[in-house]
Amino acid sequence: MGNLRDLINEVVKDDSLPRWRGELYLEIHRGVYTNGIRLKQLVRALENRLRELEAFSVVTGARRNYEELWHPLLEAEYHDPMGATSTKAVYEEVVNELEEDLKRVNEEFMAVLRKALGTGPLITVVNPLPWPRRELVMVKGELKGVPTQKVDGGYLALVEIPALGWRSFETGQCCLG
């Protein structure tokens, strides 16, 4: 054999060698995907909300640097906490910190939206995704000009919201008839 390609060709031809198909899995990491679900849920929620906060900060003209809000998340994404392989005390501390961080990010996100949209009697539906959406949403009352259906707990309304945008609705009956 003269080069790497020749070596690989020889190895591939050798049927006596074991073959592995699928994901490589290190057995000493058992439980990484199932332990610590609360921490993983918080990390994912915080990732999503921070992305939404930054996007709407730009869209609404707030344009602020949120680096200090990213640091706790990045620290929690370090291997040991995410794998839930640290002690129970460390796990609980990280979860508590992430819950506080998520609360803080949610408050900042709402502040950005309130500053752009104002406050008042309108119901506003926000679409944080980069494509337009046509969705059923649950609201407390009927929306003017929007077909709604009364269900337990409120009304289902079919709304269309632009990409990375919002739409505000007045409350009241959909249609006179």
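Let me start with a network: Arg64, Glu68 and Glu108 are linked by salt bridges. Before going on, note that this is a predicted model.

Within that network, take the contact between arginine 64 and glutamate 108. Their side chains meet in a salt bridge, at 3.0 Å from N to O. Where do the two residues lie? Arginine 64 is in the loop between α2 and α3 (67-76), and glutamate 108 is in helix α5, so the bridge ties together parts that are 44 residues apart in sequence. As for exposure, arginine 64 has a relative accessibility of 40% and counts as partly exposed. Glutamate 108, at 23%, is also classed as partly exposed. The lower limit for that class is 20%, so glutamate 108 at 23% is not counted as buried.

Next, the wider count. How many salt bridges does a search of the whole structure find? The search returns 10. The general point is that side chains of opposite charge can pair when their charged atoms come close.

A second bridge on helix α5 involves glutamate 99. Glutamate 99 pairs with arginine 38, and the closest N and O atoms are 3.3 Å apart. This pair also links distant parts of the chain: glutamate 99 sits in helix α5 (residues 88-117), arginine 38 in helix α2 (residues 37-59), and the separation is 61 residues. Is glutamate 99 buried or exposed? Neither, strictly: with a relative accessible area of 33%, glutamate 99 is partly exposed. Arginine 38 falls in the partly exposed class too, at 38%.

Now the sheet. Three strands form an open sheet, ordered β2-β4-β3, with antiparallel pairing. Strands β2 (133-139) and β3 (148-151) are at the edges with a single partner strand each, so one side of each has no neighbour in the sheet. On average, neighbouring strands here are turned by 25° against each other, with direction ignored.

How many bridges join β2 to β4? Seven, with β4 covering residues 154-161 and the two strands running antiparallel. One position to look at on screen is arginine 134, which stands opposite glutamate 160 in β4.

Last, a salt bridge between residues numbered within the range of β2. The side chains of glutamate 135 and arginine 133 meet at 3.4 Å, N to O. Glutamate 135 has 34% relative accessibility and is partly exposed. Arginine 133 is partly exposed as well, with a relative accessible area of 28%.

Methods: Residues numbered from 1 in each chain as written. Predicted model: local features only at pLDDT ≥ 70, side-chain atom pairs only at ≥ 80, totals over all residues. Heavy atoms only, no water. Salt bridge = Lys/Arg side-chain N within 4 Å of Asp/Glu carboxyl O. Helix = DSSP H or I, 4+ residues; strand = E, 2+ residues; numbered from the N terminus. Buried < 20%, exposed > 50% of the residue type's maximum accessible area, 1.4 Å probe, protein only. Pairing = 2+ DSSP bridges. Axes fitted to C-alpha atoms, helices over the stretch in contact; angles between N-to-C directions.
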